[in-house]
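Reader: I've got a new model open on my screen and I'd like to learn how to read it. Can we walk through some features together?

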Amino acid sequence: MKVINCIIVEDEPYAIDILSDFISKVPFINLTETFTNPIEALLYLKESATDLIFLDINMPELSGIDLIKMLPKSTEIIITSAFSEFALAGFENNVLDYLLKPFAFDRFLQASQKALDKLILLSVNKPAPVIDLQPKPDSFYLKTDHGKIVRINFEDIIYIEGLKNYCSVFTETERHISLVSMKTLVDTLPQENFARTHKSYIIALKRIKAIDGNMVIFDKIKEKIPIGVTYRDSFFALLNNKMFK
């Protein structure tokens with residue numbers, strides 16, 4: 001059975017008691033919180049997933065209608081009010097139902113069933129997630145300065161150096177020079193595995209052995225790569241997400 005998580009926003013404690021009692025008698029509704037202050041309710045809703053709100057209209061600080069306008073469109077609203085004149089404003093703001101106080105349990109149950117039917121319908125019609133079945137590329141092709149086309153595995157790259165209009169791609173055993181821009185290579189490489197540390201350098205994160213000051217040290221080669229001021233913050237932020245502390 002689908003369970004509806006709800007809250008009550010009502011400035012009269014006795015009205016909260018009545019609604020809480022009614023909710024306790026409905027097996028598919030779970031009351032998670034009650035509020036007498038609509039501002040506190042709004043803050044709660046920003047942090048907590050809620051399916052349904054039982055909402056009074058006449059409240060201090062913020063009216064129920066004003067609160068509705070600030071809520072996510074996916075949250076269903078049932079208004080509970082002693083004033084019938086607010087019904088039109090409520091339905092203009094797409095409330096699910098309008099319970100005019102004092103209301104009996106059977107009328108409350110009718111509104112609750114309407115909420116359940118609506119949420120079930122929405123869940124059935126929810127589009128299925130799109131799953132990308134295409135395998136991610138593990139390499140790219142590069143035309144070298146000798147006119148030769150080579151396939152370079154991402155796994156083999158240690159770093160890339162930009163040389164004016166050219167770039168050099170360094171692996172453990174080879175260096176490939178090509179008339180290609182740094183931007184083109186940045187867009188080609190998987191962002192989760194590579195980072196730009198300098199206007200002239202892109203490095204493979206898995207190849208890092210250590211960082212000494214503003215220099216990157218690798219595990220297989222003697223060359224050290226500088227970390228430029230422009231790229232320093234973004235580079236260390238990326239490392240921070242991968243770091244055990």
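Reader: Let me start with one residue: where is the place of Phe 28?

Author: Keep in mind that this is a predicted model. Phe 28 belongs to the loop that runs between helix 1 (13-24) and strand 2 (29-35).

Reader: And is Phe 28 buried or exposed?

Author: The general idea is a cut-off: under 20% relative accessible area is buried, over 50% is exposed, and partly exposed is in between. Phe 28 has 7% relative accessibility, so Phe 28 counts as buried. Now try Pro 72, in the loop between helix 3 (64-70) and strand 4 (76-81). Its relative accessibility is 43%, so Pro 72 counts as partly exposed.

Reader: How should I read distance along the chain against distance in space?

Author: Take two pairs. Phe 28 and Asp 156 are 128 residues apart in sequence, and their C-alpha atoms are 56 Å apart in space. Pro 72 and Lys 46 are 26 residues apart in sequence, with 9.0 Å from C-alpha to C-alpha.

Reader: Lys 46 is in helix 2, right? Which residues of helix 2 are buried?

Author: In helix 2 (residues 38-47), the buried ones are Pro 38, Ala 41, Leu 42, Tyr 44 and Leu 45. The trick with a helix is to look at directions around the axis. These residues cover an arc of only 165°, so they sit on the same side of helix 2. On the face turned away from that buried side you find the exposed residues Leu 43, Lys 46 and Glu 47.

Reader: What do the buried residues of helix 2 pack against?

Author: Their packing partners are strand 1 (4-9), strand 2, strand 3 (52-55) and helix 3. Have a look at the start of helix 2 as well: a side-chain oxygen of Asn 37 comes to within 2.8 Å of the backbone nitrogen of Ile 39.

Reader: What about a charged residue, say Glu 10: buried or exposed?

Author: Glu 10 lies in the loop between strand 1 and helix 1. With a relative accessible area of 0%, Glu 10 is buried. For a residue like that, check what its side chain touches. The side chain of Glu 10 makes a polar contact with the side chain of Lys 101, at 2.6 Å. Beyond its neighbours within four places in sequence, Glu 10 has contacts that include Ala 15, Phe 35, Asp 56 and Thr 80.

Reader: On to aromatics. How many aromatic pairs does a search of the whole structure find?

Author: The count is 12. To sort a pair, look at the angle between the ring planes: under 30 degrees is stacked, over 60 is edge-to-face. Tyr 159 and Phe 170 have ring centres 4.4 Å apart and planes at 15°, so this pair is stacked. The pair links distant parts of the chain, with Tyr 159 in strand 8 (residues 159-163) and Phe 170 in strand 9 (residues 166-170). Both Tyr 159 and Phe 170 are buried.

Reader: And what would an edge-to-face pair look like?

Author: Try Phe 235 and Phe 236: the centres are 5.4 Å apart and the planes are at 70°, so the pair is edge-to-face. Phe 235 is buried, at 1% relative accessible area, while Phe 236 counts as partly exposed at 27%.

Reader: Which residues do ring pairs link into a cluster?

Author: That would be Phe 22, Phe 54, Phe 103, Phe 105 and Phe 108. Phe 105 also has Lys 25 over its face, 5.8 Å from the ring centre.

Reader: Last topic: strands. What should I look for?

Author: In a regular strand, side chains alternate between the two faces of the sheet. Strand 14 (residues 215-218) shows this: Val 216 and Phe 218 point to one face and are buried, while Met 215 and Ile 217 point to the other and are not buried.

Reader: Over how many bridges do strand 13 and strand 14 pair?

Author: Strand 13 (residues 208-212) and strand 14 pair in the antiparallel sense over 4 bridges, and Asp 212 has Met 215 as its bridge partner. The two form a hairpin with 2 residues between them, and Gly 213 in the turn has a positive phi of about 65°. On its way onward, strand 14 is joined to strand 15 (residues 224-226) by a hairpin through 5 residues. There, Val 216 stands opposite Ile 225.

Methods. Residues numbered from 1 in each chain as written. Predicted model: local features only at pLDDT ≥ 70, side-chain atom pairs only at ≥ 80, totals over all residues. Heavy atoms only, no water. Phe/Tyr/Trp six-rings, centres within 6.5 Å; stacked < 30°, edge-to-face > 60°. Buried < 20%, exposed > 50% of the residue type's maximum accessible area, 1.4 Å probe, protein only. Lys NZ or Arg CZ within 6 Å of the ring centre and 35° of its normal. Arc of directions from axis to C-beta. Contact = heavy atoms within 4.5 Å. Polar contact = N/O pair within 3.5 Å; in protein donor to acceptor, adjacent residues only side chain to side chain. Pairing = 2+ DSSP bridges.
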